[in-house]
Amino acid sequence: MTERTFSIIKPDGVRRNLIGRIVGRFEEEGLKVVAAQMKRLGRYEAEGFYAIHKERPFFGELVESVTSGPVLLMVLEGENAILKNREIMGATNPADAAEGTIRKLYSQSIGENTVHGSDAPETAATEIAWFFAQSLVG
Ligand code: CMP
């Protein structure tokens with residue numbers, strides 16, 4: 001099933017010049033970039049995006065980190081795009097990420113884990129619509 005998912009290359013990835021390698025990896029694995037925008041997120045935009053985590057002890061650190069520099073926001077399309085993107089990223093905590101995944105290869109800590117990706121169809125739809133036109137949800 002062709003589906004769409006939402007991806008962020010976070011400030012730590014942009015800062016370390018990893019955009020090309022990460023986007024290249026998505027493309028090699030059959031995911032197509034159908035929308036993209038590079039920007040620095042504002043505090044409210046980041047807090048709203050991560051609202052589901054607002055009671056977590058790491059929320060402040062998470063918002064600080066994702067607003068610390070520009071990010072690349074993307075909509076990715078492909079066969080089973082949501083699961084495929086999660087497999088390419090690896091576990092949230094780089095210490096638990098499988099060999100060859102983006103987070104295993106490039107991430108330094110759970111707070112600076114280089115990429116974000118939607119975890120389910122409902123979150124993909126909400127996350128795409130948070131940053132892009134509703135029509136891009138697909
Ligand atoms: P992400 O996939 O963007 O979704 C929520 C983010 O919160 C997650 O990646 C991590 O970067 C961050 N996060 C999750 N757990 C922790 C934690 N224990 N400490 C710091 N950051 C965390």
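**Close-up views of a predicted model**

**Figure 1. Surroundings of helix H5.** The buried residues of H5 are covered by elements that include strand S1 (2-9), helix H2 (19-28), strand S3 (71-79), helix H6 (102-106), strand S4 (115-117) and H7. This view, like those that follow, shows a predicted model.

**Figure 2. The two faces of helix H5.** Helix H5 spans residues 81-89, and its buried residues are Ala-81, Ile-82, Asn-85, Ile-88 and Met-89. These residues lie on the same side of H5 because they cover an arc of only 130° around the axis. The face turned away from this buried side carries Leu-83 and Glu-87, which are exposed. After H5 comes Gly-90, which has a positive phi, near 85°.

**Figure 3. The aromatic pair Phe-49 and Phe-131.** A search of the whole structure finds 5 aromatic pairs. In one of them, the ring centres of Phe-49 and Phe-131 are 5.3 Å apart and the planes stand at 45°. This pair is classed as tilted because its angle lies neither under 30 degrees, which would count as stacked, nor over 60, which would count as edge-to-face. The pair joins distant parts of the chain: Phe-49 belongs to helix H3 (residues 43-49) and Phe-131 to helix H7 (residues 121-131), 82 residues apart. Phe-49 has a relative accessible area of 10% and Phe-131 one of 12%, so each falls under the 20% limit and counts as buried.

**Figure 4. The aromatic cluster.** One aromatic cluster is formed by Phe-6, Phe-49, Tyr-50, Phe-131 and Phe-132. Among its members, Phe-132 is in contact with Phe-6, Ala-35, Ala-36, Gln-37, Leu-73, Met-74 and Val-75, when its neighbours within four places in sequence are left aside.

**Figure 5. The largest nonpolar core.** In soluble globular proteins, nonpolar side chains tend to be buried together. The largest nonpolar core of this model has 18 residues, of which Phe-6, Leu-41, Leu-73, Phe-131 and Phe-132 touch the most other members. Two or more residues of this core come from each of S1, H3, helix H4 (59-66), S3 and H7. The element that gives the most is H4, with 4 residues.

**Figure 6. The second nonpolar core.** A separate core of 15 residues includes Val-14, Leu-18, Leu-31 and Ala-81. Ala-81 is also one of the buried residues of helix H5.

Conventions
Residues numbered from 1 in each chain as written. Predicted model: local features only at pLDDT ≥ 70, side-chain atom pairs only at ≥ 80, totals over all residues. Heavy atoms only, no water. Phe/Tyr/Trp six-rings, centres within 6.5 Å; stacked < 30°, edge-to-face > 60°. Buried < 20%, exposed > 50% of the residue type's maximum accessible area, 1.4 Å probe, protein only. Arc of directions from axis to C-beta. Contact = heavy atoms within 4.5 Å. Core = buried A, V, L, I, M, F, W, Y, C linked by side-chain atoms within 4.5 Å.
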